[in-house]
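Hi everyone, thanks for coming. I'd like to walk you through a structure, so let's put it up on the screen.

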Protein chains: 2
Amino acid sequence: MNYARGMTEPKLRGRRPGEPDTRAGVLQAALELFAERGYDRSSVREVARRSGVDPSLVLHYFGSKDGLFGAVMGLALTGRGELGLDSCPVDGLGERLVEIYLGVWESPRSAPVALAMLRSAATNEQAAAVLREIVTQRLFDPVVDRLDGDRVRLRVQLAGSQLIGLAMARYVVRISPLADQGIDELVSLVGPSVQRYLTGDLSGSEVVR
Amino acid sequence: MNYARGMTEPKLRGRRPGEPDTRAGVLQAALELFAERGYDRSSVREVARRSGVDPSLVLHYFGSKDGLFGAVMGLALTGRGELGLDSCPVDGLGERLVEIYLGVWESPRSAPVALAMLRSAATNEQAAAVLREIVTQRLFDPVVDRLDGDRVRLRVQLAGSQLIGLAMARYVVRISPLADQGIDELVSLVGPSVQRYLTGDLSGSEVVR
């Protein structure tokens, strides 16, 4: 799991501008700020202050608050290839997606990113737009490429809606007993629903009601 | 649809304290404020100001900001009985739940409540706790009463997770083409997944992986 790596990295904040780790330090500070405050109440200025650099350097690296947010969100979605989605049999994609997704939420490194992402998208239009773009490009498109047939993009988005809701119920609202289930259990419970969206017969949906 | 009723009601704000509609006016002001700002940045004082009453009257009616939030959230969940969940055949509960739920999100009267609920719960622990309590008592418990068999509460919560995620994807993040589907279409697409959670065979979940 590549997420674990970050846990043993040295503190990155407060380094001098121009050092190789400066960009990573800015990103880490931004991650923490977005996770704490959400998109609305985070600023480039505060990210700069926390990472000990000038705001102009933050803008140099990331262009804008949106760019910074996008880069932070990207952190949670790196390593997709390593996680085996591409080599997974199509009929196992549902369970694998749930497993990877819950792995993001359970890891101490990526959970704050995921939480910041969800909270910011829930409360801010601009953050929702950034999230939509990133999730489409980095998570949906590769799965779309694996599928054949009709309405593939809609299928992937329906699967995505189940994943978003699972995180809301388990990690944000924390309804029990759902929040108490183990990961393997949840993969078995939710995986088949995700698989139905990806490859199941949705033709009933064309029936006029 | 009882939601439509409110659209022709006269403006309730600015009435004198003690009139029968004062409580409704306070509730309406609170609804608008929570929808605009979310739980964190809403206050009893601002609700009082908007409804033209003294803050002490707001506290008299609702006890606290939590109480006010709970009452507002309750607005979106009234009329459940009228909507036919109780008389719906068990094997049609999935589609009926999706239909009722999307009706709440599509109605001009209740959509702001639903949005306030989701946004506040996403960003504030206390609001999430209030939501958890209300949704459990008013939405989950009645469905639990309709079901037999094992793990009924978990089943209902899994169904709930799909509904939450559907609203996030469609009304908050607005991914397309999911956001462009008609209601009947979505009922057919998502209903069977919700039905699987409620009454389907989840026994695969007991298999040790």
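I'll start with how the chains sit together, then go to one helix, the loop before it, and finally the cysteines.

Before anything else, please keep in mind that this is a predicted model.

So, how is chain B related to chain A? A turn of 180 degrees, with a shift of 0.0 Å along the axis, lays chain B on chain A with an RMSD of 0.0 Å. That is the relation of a two-fold axis. If you want to find that axis in chain B, look for B:G165: its C-alpha is the nearest to the axis in that chain, at 1.7 Å. As for the contact itself, 100% of the interface residues of chain B are also interface residues in chain A, so the copies meet through the same surface.

Now let's turn to helix 9 of chain B, which covers residues 183–199. Is this helix mostly covered or mostly open? Mostly covered: 13 of its 17 residues are buried. There is also a kink of about 35 degrees at B:V190, shortly before the proline B:P192. What about the length? At 1.5 Å a residue, the 17 residues should span 24 Å, and the end C-alpha atoms are 23 Å apart, which agrees.

Next, the loop that leads into that helix. In chain A, the loop between helix 8 (152–172) and helix 9 (183–199) holds A:P177, and the peptide bond from A:S176 to A:P177 is cis, with omega near 20 degrees. Chain B has a cis bond from B:S176 to B:P177, with omega near 20 degrees, and B:P177 is likewise in the loop between helix 8 and helix 9.

Which other residue in this loop deserves a look? In chain A, I'd point to A:R174. Its phi is positive, about 55 degrees, although A:R174 is not a glycine. A:R174 is partly exposed, with a relative accessible area of 43%. Over in chain B, B:R174 lies in the loop between helix 8 and helix 9, with a positive phi near 55 degrees. At 42% relative accessibility, B:R174 counts as partly exposed.

Last stop, the cysteines. How many disulfides are there over all chains? The count is zero, taking a pair of cysteine sulfur atoms within 2.5 Å as the rule. Is A:C88 buried or exposed? A:C88 is buried, with a relative accessible area of 8%. In chain B, B:C88 also counts as buried, at 8%.

That's my tour, and I'm happy to take questions.

Conventions. Residues numbered from 1 in each chain as written. Chains lettered and ligands numbered in written order. Predicted model: local features only at pLDDT ≥ 70, side-chain atom pairs only at ≥ 80, totals over all residues. Heavy atoms only, no water. Least-squares fit on C-alpha atoms with pLDDT ≥ 70 in both. Contact = heavy atoms within 4.5 Å. Helix = DSSP H or I, 4+ residues; strand = E, 2+ residues; numbered from the N terminus. Expected span 1.5 Å × (residues − 1). Bend = angle between axes of the 7 residues up to and from the residue. Buried < 20%, exposed > 50% of the residue type's maximum accessible area, 1.4 Å probe, protein only.
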